[in-house]
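Biologist: I am new to this structure and would be grateful for a close look at a single part, together with its setting. Please explain each term as it arises.

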Amino acid sequence: MEGVCETKSCTTELKSVEFGNHQNGSLMETGLGNYGCSHYRRRCKIRAPCCNEVFYCRHCHNESKNSPESSPLKQHDIPRHEVEKVICSLCDTEQDVQQYCINCGVCMGKYFCGKCKFFDDDVSKNQYHCVECGICRTGGEENFFHCNKCGCCYSNLMREVHRCIEKAMHHDCPICFEFLFDTMKDVTVLPCGHTMHLGCLREMEEHYRYSCPVCSKSICDMSKLWRKLDKE
């Protein structure tokens with residue numbers, strides 16, 4: 001699940017869950033909160049199509065396969081949309097990707113997106129699938145809009161005021177070099193339109209760095225400081 005700019009970053013066709021619709025409501029709660037990993041609480045694991053190994057989520061896979069101990073030649077990310085098999089955490093039945101286990105009937109994720117092959121029991125994140133982004137994001141669809149030029153979802157508060165930069169989120173954070181488009185961390189948009197992790201921006205400010213690391217423009221109104229320097 002990705003968060004977008006200050007921002008954090010399914011339709012019926014994707015079978016997005018409005019939980020309570022299943023004929024046995026108790027299966028929505030069975031095992032709830034008892035399974036999953038540090039990234040997501042969910043009641044299933046996935047079989048990675050790239051290496052045929054089982055992990056709780058794509059982040060668990062990527063952290064394992066891209067760790068410093070892994071051979072550089074074998075490092076890779078999971079192709080998330082190509083996942084075809086999931087394993088129920090309660091009965092260990094392997095099956096095609098779907099929300100309810102074909103064996104025990106348990107709900108494997110209160111939020112489910114068939115397009116992203118994504119499960120999450122924590123629906124307080126207000127997940128939604130952005131068709132233009134091609135991935136699921138958090139924060140509630142009603143609170144965000146997709147900017148076609150920037151190529152990502154931004155808060156509605158930025159609709160009329162943000163500066164468009166083509167594919168603004170489709171690059172690494174200029175500070176920590178983590179890819180921004182599908183990061184799980186909060187991302188902020190600078191006045192110049194460039195993007196970076198909000199945490200990285202805060203760290204820059206702690207070290208008295210107030211210019212965009214990409215274009216060197218000020219990240220805030222520096223007019224008072226310039227006047228003070230001119231006076232001195």
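Modeller: The account that follows begins with one residue and then turns to its wider setting.

This is a predicted model, in which local features need pLDDT of at least 70 and side-chain atom pairs count only at pLDDT 80 or more, while totals for chains, interfaces and linings use all residues. Residues are numbered from 1 along each chain as its sequence is written, and side-chain values use heavy atoms, with hydrogens and water left out.

The part chosen is histidine 61, which lies in helix α1 (residues 58–65). Helices (H or I, at least four residues) and strands (E, at least two) are DSSP runs, numbered from the N terminus. Histidine 61 has a relative accessible area of 0% and is therefore buried; buried means under 20%, exposed over 50%, and partly exposed in between, with a 1.4 Å probe and protein chains only. Beyond its neighbours within four places in sequence, histidine 61 is in contact (heavy atoms within 4.5 Å) with Ala48, Cys50, Cys51, Phe55, His76, Asp77 and Ile78.

Asparagine 52 lies in the loop between β1 (44–47) and β2 (54–55). Asparagine 52 is exposed, with a relative accessible area of 51%, and has a positive phi of about 65° although it is not a glycine.

As for the wider setting, the largest nonpolar core has 51 residues, of which Met108, Phe118, Phe119, Tyr154, Leu190 and Met196 touch the most other members. Helix α2 (residues 198–206) gives the most to this core, with four residues. Such a core is a set of buried Ala, Val, Leu, Ile, Met, Phe, Trp, Tyr and Cys residues joined through side-chain atoms within 4.5 Å.
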